[in-house]
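Visitor: I would like a close look at one part of this protein. Please start from a single residue and work outward from there.

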Amino acid sequence: MNKLYISVLLSALLTACGGGGSAGETVSVTPQPVVEEQPEIIVPDPIVTQPVVTEFILAETSPLEAGDVLESSAQTSGDILVPDGFSLNSERSFNLTIIRSDDDDQAAYLSLCSDYQENSDGSYNINYNSCLLRTSLNEAVFETVITVTNDTEGLVAALWFLDGSRNPIIKDWRF
């Protein structure tokens, strides 16, 4: 009960002690303009990168030279005359060289295929079951010899980047 008296007495005391001013005094409050602080935007310097250049070179090792078209009046295969030095090869060999720029150190995968079609928009449909070569590329210069049959109309190389950060580079050759 003692606590009740003390709390009532304190409440009355605190209520009676209000601050007051003189009756003739007026207080005017002028609003201060609100200034919104804009966060400082830090624009980084533009990144200047040199484009990565990859060069594909496919050169026939011993290309056949176009000779004169021989007119023949042979009626049977026994009548066919074959010029000296003519060799009936069913295949051709090519040196394939892929040169990547020194700053292109990304791991890549190469597919070299013979069955493909180029679409009108520049994209390719590649039959990856027709690949003659599938290999990873870790070095800046890759060289190999490719042998194809004479009925092969062309080759397409697709260079895939393993991290997926870049689209594949595709190069084709028709012969």
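Visitor: Where in the chain does Leu 88 lie, and between which strands?

Guide: First, a caution: this is a predicted model. Leu 88 sits in the loop that links strand 1 (54-60) to strand 2 (91-100). Leu 88 counts as exposed because its relative accessibility is 76%, and the cut-off for exposed is over 50%. Leu 88 also belongs to a nonpolar surface patch. The other members are Ile 80, Val 82 and Phe 86. Together the four residues offer about 470 Å² of accessible area.

Now follow the two strands that hold this loop. Strand 1 and strand 2 run antiparallel, joined by 7 bridges. They belong to an open sheet of 3 strands, ordered 1-2-7, with antiparallel pairing. Strand 1 and strand 7 (141-149) are the edges, each pairing on one side only. From one strand to the next, the twist averages 20°. On the other flank of strand 2, 9 bridges tie it to strand 7, again in the antiparallel sense.

Thr 97 shows how the sheet is put together. Thr 97 lies in strand 2. On one side, Ile 57 stands opposite Thr 97. On the other, the bridge partner of Thr 97 in strand 7 is Glu 143. The next register point is Ile 98, which stands opposite Phe 142 in strand 7. Is Thr 97 buried or exposed? Thr 97 counts as buried, because its relative accessibility is 12% and the cut-off is under 20%. Leaving aside residues up to four places away in sequence, Thr 97 touches Glu 55, Phe 56 and Ile 57. Under the same exclusion, Thr 97 also touches Val 141, Phe 142 and Glu 143.

Trp 173 brings in another strand. Trp 173 lies in strand 9, residues 169-174. Trp 173 counts as buried because its relative accessibility is 12%. With residues up to four places away in sequence set aside, Trp 173 touches Phe 56, Ile 57 and Leu 58, among others. Leu 96, Leu 112 and Tyr 116 are also in contact with Trp 173. So are Glu 153, Gly 154, Leu 155 and Ala 157. Phe 56 and Ile 57 thus appear in the contact lists of both Thr 97 and Trp 173. Val 156 is 17 residues from Trp 173 along the chain, with 6.3 Å between their C-alpha atoms.

Finally, step back to the whole protein. The protein has 1 helix and 9 strands. Along the sequence, the pattern is α-β-β-β-β-β-β-β-β-β. Among contacts between residues at least 6 apart in sequence, 68% join residues at least 24 apart. Of the 175 residues, 21% count as buried. Thr 97 and Trp 173 are in that class, whereas Leu 88 counts as exposed. The accessible surface comes to about 14200 Å². Carbon and sulfur atoms hold 53% of that surface.

Technical notes:
Residues are numbered from 1 along each chain as its sequence is written. This is a predicted model: local features need pLDDT of at least 70, side-chain atom pairs count only at pLDDT 80 or more; totals for chains, interfaces and linings use all residues. Side-chain values use heavy atoms; hydrogens and water are left out. Helices (H or I, at least four residues) and strands (E, at least two) are DSSP runs, numbered from the N terminus. Buried means under 20% relative accessible area, exposed over 50%, partly exposed in between (1.4 Å probe, protein chains only). Contact means heavy atoms within 4.5 Å. Accessible areas come from the Shrake-Rupley method with a 1.4 Å probe; for residues, only the protein chains shown count as cover. Patches are made of residues with over 30% relative accessible area and no salt bridge: like charges are joined within 9 Å, nonpolar side chains (Val, Leu, Ile, Met, Phe, Trp, Tyr) within 5 Å. A salt bridge is a side-chain nitrogen of Lys or Arg within 4 Å of a carboxyl oxygen of Asp or Glu. Two strands pair if DSSP finds at least two bridges between them. Axes are lines fitted to C-alpha atoms, for helices over the stretch in contact, and angles run from 0 to 180 degrees between N-to-C directions.
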